[in-house]
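Q: Could you take me through one part of this model closely, the place where the two protein chains meet, and then carry on to the DNA? I'd like one connected walk-through rather than a list.

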Protein chains: 2
Amino acid sequence: MKTEIEPIKECSHTILAIHDVMDILNGKWKISIIACLCYKKMRYSELLREVKGISGRMLSRELKELEMNQLIIRNVLDTQPVTVEYEITEYGSTLKNLTNTIAEWGIKHRKRIIGK
Amino acid sequence: MKTEIEPIKECSHTILAIHDVMDILNGKWKISIIACLCYKKMRYSELLREVKGISGRMLSRELKELEMNQLIIRNVLDTQPVTVEYEITEYGSTLKNLTNTIAEWGIKHRKRIIGK
DNA sequence: GAAGTAAGTTACAAAAAGTAACCTTTCCAG
DNA sequence: CTGGAAAGGTTACTTTTTGTAACTTACTTC
C-alpha cells in the first residue's frame, strides 16, 4: 500500500470541486450577491446599494447568470410601477454556509490587519 | 427599537468582509492554489500539473500575489539544479476551513448535476 | 550534442470588467 | 402640465485581466 500517493489524488479531487464552484460563482460580485440574498429578498436597486461598488451593467449580468444556474429567482411583481424582486432559491441557500465561512475569515483578517 | 433595520446593517458587514476576502483571493486560481498548498508543499511544476488549466504566466503571477499577502512562502532550495518550493504560511493555513467548505459544496453540486 | 525538466518571462490576442450616458415608465412637486 | 427623480435596466466605449505560445537559462540524462 503506497500511502504516499494518496494525497495527490485527494488534492486533485478537491481542486476539481473548487473549480466547479468557481465556474458558477466566478467574478468578484456573485458571492456578495448570494450573501445578500441569503439574507433577504432584494430588489435590483437595493442590491445596487448594498453590494458596494457594483455597476448596473455588472449587477444585471451577474443576476442573469445566477438565475441561469438556478441559485436565484427573478420575480416581477405587478405593482405600480413594477418592482423586481430577486430571491434566493432553496438550492442557492445551500451556499449560506459557504458565504458565512468566507465572511468569517474576512472579519478575522480585518481584525488582524487593523488590530496590529 | 427598530429591529427591521438591523438586517441591512448585518448584511453590509458581511458583504464588506466578503469583499475583503475576494480582494486577496481574486481570480479563479488563487483558491485552488491555496487548497493545494494546504495539502502539502509543492514545487512550481507540481502546481502547474495539479491546478488543471493554469498557465505558467498565471501561476507565477498568482504565487507572487499570494506571497505578498503572506499566505504562502517561496523557498529556493540549493539543490542541483535549484528547486523552488511553495509552502503555506501559518496564516495561510487559516484558509483551510474556507477551501474545504467550498470544495464540499462543489462535491455536492457535482452529485446533484450528474446524479439526476 | 540533442532532448528534456525546472522555473520562469515576454509579446501579442482575447475575454471580462469598469465607466458613463441613455432609455422607458411612473410618481410626485410646483 | 412640466420637470425631476426613481426603478430597472441596456448600449457604446475603455481599461484591466487572462489566455496562448514561444523563448530563456541552467542543469541532466541518452
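**Where the chains meet, and on to the DNA**

A: Let's start with the charges: there are two salt bridges between chain B and chain A. One of them joins Asp20(A) to Arg110(B), with the closest N and O atoms 2.7 Å apart. Keep in mind that this is a predicted model, so every distance here is computed from it. Besides the salt bridges, 10 residue pairs between chain B and chain A are in polar contact, both residues being at pLDDT 80 or more.

Which parts of chain B do the touching? Helix H1 (6-24), helix H2 (30-39) and helix H5 (96-115) of chain B each put at least two residues on the side that touches chain A. H1(B) gives the most to that side, with 16 residues. Sorted by class, the side of chain B that touches chain A has 25 nonpolar, 12 polar and seven charged residues.

Now for the whole interface. On chain B, 44 residues are in contact with 44 residues of chain A. Together the chains bury about 4500 Å² between them, and carbon and sulfur atoms give 70% of that. If you want three residues to click on, try Tyr39(B), Tyr91(B) and Trp105(B): they supply 16% of the area that chain B buries against chain A, more than any other three residues.

How do the two copies sit relative to each other? A turn of 180° with a shift of 0.0 Å along the axis lays chain B on chain A with an RMSD of 0.0 Å. The two copies are therefore related as by a two-fold rotation axis. The interface tells a matching story: 100% of the interface residues of chain B are also interface residues in chain A, so the copies meet through the same surface.

With that in mind, move over to DNA strand D. There are 20 residues around this strand, and Arg74(A), Val84(A), Tyr86(A), Trp29(B) and Arg57(B) come nearest. On chain A, helix H3 (44-50), helix H4 (56-68) and strand E3 (83-88) each supply at least two residues of the surface near strand D, and so does helix H4 (56-68) of chain B. H4(A) has the largest share, four residues. Of the strand D atoms within 4 Å of the protein, 64% belong to sugar or phosphate and the rest to bases. For individual phosphate contacts, look at Trp29(B), which has a polar side-chain atom 2.9 Å from a phosphate oxygen of strand D. Lys64(A) has a side-chain N or O atom 3.3 Å from a phosphate oxygen of strand D, and for Lys28(B) the distance from a polar side-chain atom to a phosphate oxygen is 3.5 Å.

Then there's DNA strand C. Of the 20 residues around it, Arg57(A), Ser45(B), Arg74(B), Val84(B) and Tyr86(B) come nearest. Here H4(B) gives the most to the nearby surface, with four residues. Of the strand C atoms within 4 Å of the protein, 67% belong to sugar or phosphate and the rest to bases. A base contact worth zooming in on is the one at Arg57(B), where a side-chain N or O atom is 3.3 Å from a base nitrogen of strand C. On the phosphate side, Gln80(A) has a polar backbone atom 3.3 Å from a phosphate oxygen of strand C, while Ser60(B) has a side-chain N or O atom 3.4 Å from one. By class, the surface near strand C divides into six nonpolar, seven polar and seven charged residues.

Note on methods: Residues are numbered from 1 along each chain as its sequence is written. Chains are lettered from A and ligands numbered from 1 in the order in which they are written. Side-chain values use heavy atoms; hydrogens and water are left out. A residue is near a molecule or strand if one of its heavy atoms lies within 4 Å of it. A polar contact is a pair of N or O atoms within 3.5 Å; within protein, one must be able to donate a hydrogen and the other to accept it, and residues adjacent in sequence count only if both atoms are side-chain atoms. Contact means heavy atoms within 4.5 Å. Buried area is the accessible area (1.4 Å probe) that two parts lose on being put together, summed over both. A salt bridge is a side-chain nitrogen of Lys or Arg within 4 Å of a carboxyl oxygen of Asp or Glu. Ala, Val, Leu, Ile, Met, Phe, Trp, Tyr, Cys and Pro count as nonpolar, Asp, Glu, Lys and Arg as charged, and the others, Gly among them, as polar. Copies are superposed by least squares on the C-alpha atoms of residues with pLDDT of at least 70 in both.
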